[in-house]
Amino acid sequence: MGDILFKTIEKFHGTKSWGRILDAGTGVHSIKWIQSLPSSGWTAITADTNMRHQMMKESGVATSMRSQDSVIVGNWMDNEFCENLGTYDTILADYLIGAVDGFSPYQQDEIIVK
């Protein structure tokens, strides 16, 4: 993919395995990139049901998903949601902090545990 952000992430990631990937604030652009990576599976999360629907309609997204891939709707301020996610080897949070403002205003500082 010809995106400078994703090329930079790939550069820093190097030859390490991507493993199981969590796209913590997904969109059409990032999900298409994640689908191009050699992962063992991925979960893409959006807080917007309409965004999930749009992504699934986007050319190639739904048809390229494997059984171990999923696009889910959830809110990072929901403890039960977070507790049931499981574990991941790689976490993509490229637009997460800004997106939190739209769905849980004034809680950006709570999204990353110190």
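Me: Which residue follows α1, and what is the sign of its phi?
Reply: Helices here are DSSP runs (H or I, at least four residues) and strands are runs of E (at least two), numbered from the N terminus. In this case α1 is followed by G14, whose phi is positive, near 65 degrees. The model is predicted, so local features need pLDDT of at least 70 and side-chain atom pairs count only at pLDDT 80 or more, while totals for chains, interfaces and linings use all residues. Residues are numbered from 1 along each chain as its sequence is written, and side-chain values use heavy atoms, with hydrogens and water left out.

Me: In what order do the strands of the open sheet lie?
Reply: Two strands pair if DSSP finds at least two bridges between them. The four strands of this open sheet have the order β3-β2-β1-β4, with parallel pairing. Because β3 (70-73) and β4 (90-92) each have a single partner strand, they stand at the edges, and one side of each is left without a neighbour in the sheet.

Me: Over how many bridges do β1 and β4 pair, and which residue of β4 stands opposite I21?
Reply: Strand β1 (residues 20-23) pairs with β4 in the parallel sense over three bridges, and I21 stands opposite T90 in β4.

Me: At what angle do α1 and α2 cross?
Reply: Axes are lines fitted to C-alpha atoms, for helices over the stretch in contact, and angles run from 0 to 180 degrees between N-to-C directions. The axes of α1 and helix α2 (residues 28-35) come within 11 Å and cross at roughly 40 degrees. Angles under 35 degrees count as roughly parallel, over 145 as roughly antiparallel, 65 to 115 as roughly perpendicular and the rest as oblique, and α1 and α2 are therefore oblique to each other.
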